[in-house]
Amino acid sequence: MIQKIAVIKGDGIGPEIVSESMKVLNAIAQKYGHTFLFTEVLMGGCSIDAYGEPLTEETISVCKDSHAVLMGSIGGNTTTSPWYQLPAHLRPEAGLLRLRKELGLFANLRPCVLYPELRSACTLREDISSKSFDMLIMRELTGGLYFGERRTEAVDGVMTAVDTLTYNENEIRRIGIKAFEVAMKRNKKVTSVDKANVLDSSRLWRKVMNEVAKDYPEVTLEHALVDSTAMQIVRDPSRFDVMVTENMFGDILSDEAAMVTGSLGMLPSASLNETKFGLYEPSGGSAPDIAGKNVANPIAAILSGAMLLRYSCDLQTEADAIEAAVKQVLAEGYRTADIMSEGCRQVSCSEMGSLIAERV
Ligand code: IPM
Ligand code: MN
């Protein structure tokens with residue numbers, strides 16, 4: 001199989017972790033007789049440095065012309081990097097948001113799994129972490145506060161900022177359907193997270209989720225408020241299977257859920273549109289403080305590669321092989337610094353990539 005993959009390494013640790021993901025994908029290509037044609041393009045801070053804007057038409061068109069996009073991370077230190085002196089629409093994040101919109105990537109899947117080997121890296125008490133957990137956060141990605149009208153202006157001499165949270169029923173329905181579809185392939189439980197005790201957008205969200213649920217009688221739907229959900233994630237994460245929520249709530253809850261699994265460096269994500277096309281990136285950020293030191297954890301990027309094969313290329317066996325290789329290196333005791341614990345062997349970012357590539 002020949003697949004065209006656009007690669008956005010991005011900023012911070014992005015280049016080093018994506019290189020390891022490509023190393024593993026190349027090992028898969030060799031072993032299973034595929035050809036992955038990688039085209040590297042810029043986005044984020046590196047694109048600002050090269051072209052004065054975070055996202056160029058060239059990058060958009062290379063992505064659109066590919067089967068999938070493999071991404072690292074973008075952005076820098078928001079207090080010290082000169083990128084954050086620029087007007088908001090020229091900052092690194094603006095590039096990512098526009099790319100999500102241009103590619104129609106409305107469904108963001110963030111699986112949060114606690115690997116048994118990493119229990120000691122879990123930030124929760126042992127009686128909680130000893131119950132393994134495996135949840136999938138389905139975050140709406142192209143609506144809500146992120147894409148609503150916004151402005152900052154003086155109102156009667158007082159500086160006032162406005163951000164708008166808008167959802168229409170169609171946007172809610174399509175993400176709801178995605179959530180129920182994946183729940184059918186998992187434990188058939190959906191938790192829809194909102195703030196329906198305050199927000200109109202949440203009340204509509206709840207109504208539409210109830211309508212979607214009628215088409216999936218085998219799936220149990222529960223509604224939960226976002227504040228209470230934030231609490232439940234640290235109290236008993238094992239109670240969740242699929243969680244579906246709007247853009248901003250999903251951004252916050254997914255970092256929380258990720259950390260509960262031990263490290264942000266472990267978790268991949270997939271952003272999908274209505275077709276098989278998708279963009280795959282680690283859930284964590286660009287970690288500028290450790291960039292270029294070869295100490296970052298490449299596993300999230302490597303598992304993002306597995307998701308790419310599974311969702312965009314229909315290569316299930318190959319995706320399984322990557323996931324099994326990751327489990328194997330963890331079982332063998334290899335750890336990057338972020339997940340290091342006693343009795344394990346600490347390895348660098350590139351060593352971790354090689355160890356996994358050798359085992360696929
Ligand atoms: C994420 C990131 C982005 C987001 C930023 C970089 C714009 O935090 O993918 O979760 O908020 O969506
Ligand atoms: Mn985030």
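**Exercise 1. The two sides of α3**

Which residues of helix α3 (residues 57-64) are buried? Find them in this predicted model, then work out how they sit around the helix axis.

*Solution.*
- Step 1. Pick out the buried positions. They are T59, I60, V62 and C63.
- Step 2. Look down the axis of α3. The buried residues fall within an arc of 165°, so they line one face of the helix.
- Step 3. Recall the geometry of a helix. An α-helix has 3.6 residues a turn, so residues three or four places apart point the same way.
- Step 4. Turn to the other side. E57 and E58 are exposed, on the face of α3 turned away from its buried side.
- Step 5. Ask what lies over the buried residues. The cover includes β1 (2-10), β2 (35-41), β3 (68-73) and α4 (92-102).

**Exercise 2. T59 in detail**

Take one residue of α3, T59. Is T59 buried or exposed, and which residues does T59 contact beyond its neighbours within four places in sequence?

*Solution.*
- Step 1. Read the relative accessible area of T59. It is 1%.
- Step 2. Apply the cut-off. Buried means under 20% relative accessible area, so T59 is buried.
- Step 3. Set aside the neighbours within four places in sequence. T59 is then in contact with I8, V41 and L42.

**Exercise 3. How α3 meets α4**

Describe the packing of α3 against α4 by angle, handedness and contact residues.

*Solution.*
- Step 1. Start with the two axes. They come within 11 Å and cross at roughly 40°.
- Step 2. Classify the angle. At this crossing, α3 is oblique to α4.
- Step 3. Give the hand. The crossing of α3 and α4 is right-handed.
- Step 4. List the contact. From α3 come E57, I60, C63 and K64, and from α4 come R98, L99 and E102.
- Step 5. Sort these residues by class. Three are nonpolar, none is polar and four are charged.

**Exercise 4. Helix α10 and its two partners**

Helix α10 (residues 299-312) packs against α1 and against α11. Which relation, oblique or roughly antiparallel, describes α1 and α10, and which describes α10 and α11?

*Solution, α1 with α10.*
- Step 1. Helix α1 spans residues 14-32. Its axis and that of α10 come within 8 Å and cross at roughly 45°.
- Step 2. The two helices are therefore oblique to each other.
- Step 3. The crossing is right-handed.
- Step 4. On α1, the contact is made by I17, V18, E20, S21, V24, L25 and I28. On α10, it is made by A301, I302, G305 and L309.
- Step 5. By class, the contact has eight nonpolar residues, two polar and one charged.

*Solution, α10 with α11.*
- Step 1. Helix α11 spans residues 316-331. The packing angle is about 160°, and the axes are 7 Å apart.
- Step 2. Angles over 145 degrees count as roughly antiparallel. α10 and α11 are therefore roughly antiparallel to each other.
- Step 3. This crossing is left-handed.
- Step 4. On α10, the contact is made by I299, I302, L303, G305, A306, L309 and R310. On α11, it is made by Q316, E318, A319, D320, I322, E323, V326 and L330.
- Step 5. The classes are nine nonpolar, two polar and four charged.

**Exercise 5. The loop that joins α10 and α11**

What is the sign of phi at D314, and how accessible is this residue?

*Solution.*
- Step 1. Place the residue. D314 lies in the loop between α10 and α11.
- Step 2. Read phi. It is near 55°, a positive value in a residue other than glycine.
- Step 3. Read the relative accessible area. At 46%, D314 is partly exposed.

**Exercise 6. β6, β7 and the loop between them**

Compile a short profile of T152, D156 and V162.

*Solution.*
- Step 1. T152 lies in strand β6 (residues 150-155). Its relative accessibility is 57%, so T152 counts as exposed.
- Step 2. D156 is in the loop between β6 and β7. Its phi is near 50°, positive in a residue other than glycine. At 79% relative accessibility, D156 counts as exposed.
- Step 3. V162 belongs to strand β7 (residues 158-163). With 28% relative accessibility, V162 counts as partly exposed.
- Step 4. Compare sequence with space. T152 and V162 are 10 residues apart in sequence, and their C-alpha atoms are 6.3 Å apart. V162 and G148 are 14 residues apart along the chain, with 9.6 Å between C-alpha atoms.
- Step 5. Add contacts, leaving out residues up to four places away. T152 is in contact with M159, T160 and A161. V162 touches E149, R150 and R151.

Note on methods: Residues numbered from 1 in each chain as written. Chains lettered and ligands numbered in written order. Predicted model: local features only at pLDDT ≥ 70, side-chain atom pairs only at ≥ 80, totals over all residues. Heavy atoms only, no water. Axes fitted to C-alpha atoms, helices over the stretch in contact; angles between N-to-C directions. Helix = DSSP H or I, 4+ residues; strand = E, 2+ residues; numbered from the N terminus. Parallel < 35°, antiparallel > 145°, perpendicular 65-115°, else oblique. Left-handed = near helix turned anticlockwise from the far one by under 90°. Contact = heavy atoms within 4.5 Å. Nonpolar A, V, L, I, M, F, W, Y, C, P; charged D, E, K, R; others polar. Buried < 20%, exposed > 50% of the residue type's maximum accessible area, 1.4 Å probe, protein only. Arc of directions from axis to C-beta.
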